[in-house]
Amino acid sequence: MKKSSARKRRPAKSTGSDFWRLRLYIAGQTPNSIAAIDNLKKICEDKLRGKYRIEVVDLLEKPQLAKGDQIIAIPTLVRRLPPPVKKIIGNLSKTESVIVGLDLQPVR
Amino acid sequence: MPRAKPKAVGSSLAKAPTGIQGLDEVTGGGLPKGRVTLVCGSAGCGKSLLAMEFLVHGAVRYGEPGVCMDFEETEAKLAANVASLGFDLRELTKRKKLLVDYVSVERDRIAETGEYNLEGLFIRLGHAVKTIKAKRVVLDSIEALFSGLTDSTILRAELRRLFHWLEDHKLTAVVTGEAGEHTLTRHGLEEYIADCVIALDHRVTEQISTRRLRIVKYRGTSHGTDEYPFLIDREGISVVPLTSLALAHKALTDRVSTGIPALDEMMEGKGFFRGSSVLVSGTAGTGKSSLAANFASAACARGEDCLYFAFEESPSQILRNMRSVGIHLERWAKKRLLHFHAMRPTSTGLEGHLAAIHKLIAKLRPRVVVIDPITNLVSAAGTYDVKSMLMRLVDFLKVEQITSMFTNLTFAGDPQERTAAAVSSLMDTWIVLRDSKPNGRRRRELYVLKSRGMAHSREPRELVVSERGLELGIVLTDQRPATTVAGSGAVAAAK
């Protein structure tokens, strides 16, 4: 899992808007949910240290929240800030896809 | 994962009525209760409408609240569609009878980064079901998931799980699916659905559209494999249930007047059998419509409801023309005994006409039906189709014990007009009208070519049409046998 983050690439600088608000939807403490939380934390610490916030929503506790963000798959990660809203599904194990999906590419 | 198979044995007979006219008859009471039904067909075939009607009728008539997970239309759009059928979706939603959840699946905005499942969908559905204590569920069209999510292995496993989930929660569900090229649905949904599959079809031939419904499978219920024509109009879907062709209708012995005393006289002095079918054929201008109108008028005079299908003239035209020959139909129309229904033959396909006729008869429950003329329907289809349609219609009328009269235009010089020949075998009574010109004076003649179950006169009589109405003249002692119009003499002889 460390493979991609260990590459010799400089961590992402700000992409304009400076704060990242991420919301991760899970449904109970399933292996995929736990993996998604761990993977997300790692990536954020690596790329966005100090300027992100993760909110974990457990739909088993708050099922009514699923409709608002059009959640179908679990886990789903929603990038609420910076705009535009982006959605990633899966346990976030494919780090490269997460970086592309969240638009975390380093500024050139 | 346990298959649901064993359960089907014990609970296979419980049905959830759809409230859709005809469909509940065809399925012996509705869709399998607590099971998943697949409704498939191409775009615009009416599957969403069927699903929505199932849900709305369930909520309004059968006290079963319903949830619609709509993958295609937003709540607002759906509300507009449902409103066009005369239902207020917002009101039903407010009263917690219905809940619509629009599920948006946008491929370009979803990236996949590892394992996932569709628990989010389950939670949403579960939440919605719980909120209104739903008994029915519609998923329209769940195949949208295939365009939004790329991992079809996960998707298929999850769909299977979803259908089991629905059954475990004893929900009666309708799932819609788009028709595939060589399969019932594009993504093979039929593989997951064991209990009931309904296919809808929308064909356009010679610019006339026909809609048909077929029950592909229905576990635990005997069902016809026929294609049932159906209609979509302001009141939604109605399916023509094509009463069984078992010829089991009861033959009545009471009689109804033909409207002309002398013609009654020719038929044992009593007229037609009630519930029988009568064909009136003849060349142009021989008085077919007059005879039919007279028959209708006589029925109304007895206080019976009559439904008059006009395929050639508008009702006001018929009223005017009949007035000129002493048949006053306005009073019956005013008393709401006589109901006109005028349609252009080419306005819809044969099935469409059949469906419309069927629907109207079921609604008005008349004792007498006139179809004037059936000839024009031929222009909307081939002879074979006309025959099979009429067979269904005649059968239906007999079961309902409705006396019916069909007029049929034949062409001079073409005595063996195919329609007449094809149709006549379905008819109990066949009255032939013709022109003749003995001694240079043109006159109309009438004779009864056949009339099942009675000793009828076979002699031709003159038909006198005047401002006093219709009368029969003296028996014509014409030397020539009456074969000019009755081309299919074999049929008559075989009577």
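## Exercises: two open sheets

Chain B holds nine strands that join into an open sheet with mixed pairing, in the order β17-β16-β18-β19-β15-β20-β21-β22-β23. Keep in mind that this is a predicted model.

**Exercise 1.** Find out which strands stand at the edges of the sheet in chain B, and why one side of each is left without a neighbour.

*Solution.* Start with the ends of the order: they are β17 and β23. In residues, that's 338-342 for β17(B) and 469-475 for β23(B). Each has a single partner strand, so one side of each has no neighbour in the sheet. Going from one strand to the next, the twist averages 20 degrees.

**Exercise 2.** Work out in which sense β18 and β19 of chain B pair, and over how many bridges.

*Solution.* Look at residues 368-372 and 403-409 of chain B: these two strands run parallel and share four bridges. For one pair of partners, take Val369(B), which is bridged to Ser404(B) in β19(B). Now add the helix α10(B), residues 288-301: it packs on this sheet, touching several strands, including β15, β18 and β20 of chain B. Its direction makes about 165 degrees with that of β19(B). Helix α13(B), residues 350-364, packs there too, touching β16, β17 and β18 of chain B.

**Exercise 3.** Trace the order of the five-strand open sheet, and say which strands form its edges.

*Solution.* Read the order as β2(A)-β1(A)-β3(A)-β4(A)-β6(B), with mixed pairing. The edges are β2(A), residues 52-58, and β6(B), residues 110-112, each pairing on one side only. Next, zoom in on β4(A), residues 86-89: this strand pairs with β6(B) in the parallel sense over three bridges. There, Ile88(A) sits opposite Ala111(B).

Notes:
Residues are numbered from 1 along each chain as its sequence is written. Chains are lettered from A and ligands numbered from 1 in the order in which they are written. This is a predicted model: local features need pLDDT of at least 70, side-chain atom pairs count only at pLDDT 80 or more; totals for chains, interfaces and linings use all residues. Side-chain values use heavy atoms; hydrogens and water are left out. Two strands pair if DSSP finds at least two bridges between them. Axes are lines fitted to C-alpha atoms, for helices over the stretch in contact, and angles run from 0 to 180 degrees between N-to-C directions. Contact means heavy atoms within 4.5 Å.
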